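Visitor: Please give me a close look at the aromatic ring pairs in this model. Take in their surroundings too.

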Amino acid sequence: MTQFRIRSATSQLLTLALCLLAAAWVHPPQALANQQAQVVKIERLTHNVKRIRFKAANDDFTFQAGQFILLKLPDAYLRAFNKSHGTEHTSVSRPYSFASAPSEAPYFDLIVKHYPAPPGKDVPPGLASTFIHQHLRPSNTVTFSDPVGSLYMPNDSTDPIILVAGGVGASPFIGLLKHWFDQGLDRQREIHFFFGVRSKHDFFLLGDLADWSRRRKNFKYILALSHPDPADEWKGESGYINTVLDRHFPSPLRADVYLAGAPIMIRETVKVLHTKQVPDTRIHHDPIKVQ
């Protein structure tokens, strides 16, 4: 689950709307569903998160680290969903970040969390996440847009890089980390990855993080639970990920910072970074309205 759970159905829909507005803002004219890929593998990472590996039909398919695609939902699925839930969806695409490195193309990974219908609310489940989790199978073909977005801003700095992820917001950072390790960036700069979830069972790919930490001397990761369960027997950091970040670095902080997660997590983390005198030019995230 994301570090800050959005409790009401209205807030869940607002988050999705913000995500879609971000996708449209980045590259609207070129975000056409003109690519196809076949599902190669589906892997369950947690109780509600899956990683799907695709192979693009175009062997020359490429993307840049930190980009995302707009995945188009099949018309037949939309008709069935509308019939079951009384909705009126027509042509629908949803944004998903690459969770793999550009060097792996034409293969690529997406990490997707399932959003079921909120308990006690007359609201349908997540349209795209339900398709991916309940209907997508190996060998199926999907349609998607050309890669869009530019989360990663390379520069010549030797200052640390800080990644702050809430829940499934870790997805683009998995791809970025793989790319940076491919490029040897960790030999030039410290990389700190803050990964916050609600409960211990919401973490994913901890084996990869531990392996990278052993093999990459300048890579460190910090795990945090916002609502640890006594059964978790949690000995690590507790609290929302913005407060954990605040405790780890003094002010002023010289670093390039990347954020991904729920809008409220990004807003609160930006506030922390401002108190540490990090300028907006060094704070990177998909576009949302930060107040």
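Guide: What follows goes from confidence to ring pairs, then to a charge over a ring and a polar contact.

This is a predicted model. Confidence comes first. The mean pLDDT of the chain is 89. A score of at least 70 is reached by 88% of the residues. Residues 1–30 stand below 50. In the model this stretch still has 55 contacts beyond near neighbours in sequence. Low pLDDT means that the predicted coordinates should not be read in detail.

Now the rings. The count of aromatic pairs is 23. Take F54 and F108 as one of them. Their ring centres are 5.2 Å apart, and the planes meet at 20°. Planes under 30 degrees apart count as stacked, so F54 and F108 form a stacked pair. This pair joins distant parts of the chain, with the two positions 54 residues apart in numbering. F54 belongs to strand β2, residues 49–56. F108 belongs to strand β5, residues 107–113. Burial is judged by a cut-off: under 20% relative accessible area counts as buried. F54 has 1% relative accessibility, so it is buried. F108 also has 1%, and therefore counts as buried.

F195 and F203 give another geometry, edge-to-face. Here the centres are 5.3 Å apart, with 70° between the planes. F195 is buried because its relative accessibility is 1%. F203 has a relative accessible area of 7%, so F203 is buried as well.

Back to F54 and F108. Both belong to a cluster linked by ring pairs. Its members are F54, F61, F63, F98, F108 and F144.

A charge also meets a ring in this model. The charged end of K55 sits over the ring of Y107. It is 5.9 Å from the ring centre.

Two cluster members, F61 and F144, lead on to Q35. Q35 is in contact with both F61 and F144. Beyond four places in sequence, Q35 also touches N58, V142, T143, S145 and D146. With D146 there is a side-chain polar contact of 2.8 Å. Q35 lies in strand β1, which spans residues 35–44. Is Q35 buried or exposed? Its relative accessibility is 13%, so Q35 counts as buried.

To recap the part you asked about: F54 and F108 are stacked, F195 and F203 are edge-to-face, and Q35 contacts the cluster members F61 and F144.

Notes: Residues are numbered from 1 along each chain as its sequence is written. This is a predicted model: local features need pLDDT of at least 70, side-chain atom pairs count only at pLDDT 80 or more; totals for chains, interfaces and linings use all residues. Side-chain values use heavy atoms; hydrogens and water are left out. Helices (H or I, at least four residues) and strands (E, at least two) are DSSP runs, numbered from the N terminus. Buried means under 20% relative accessible area, exposed over 50%, partly exposed in between (1.4 Å probe, protein chains only). A polar contact is a pair of N or O atoms within 3.5 Å; within protein, one must be able to donate a hydrogen and the other to accept it, and residues adjacent in sequence count only if both atoms are side-chain atoms. Contact means heavy atoms within 4.5 Å. Rings of Phe, Tyr and Trp (its six-membered ring) pair if their centres lie within 6.5 Å; planes under 30 degrees apart count as stacked, over 60 as edge-to-face and the rest as tilted. A charge sits over a ring if NZ of Lys or CZ of Arg is within 6 Å of the ring centre and within 35 degrees of the ring normal. pLDDT is the predictor's confidence in each residue, from 0 to 100.
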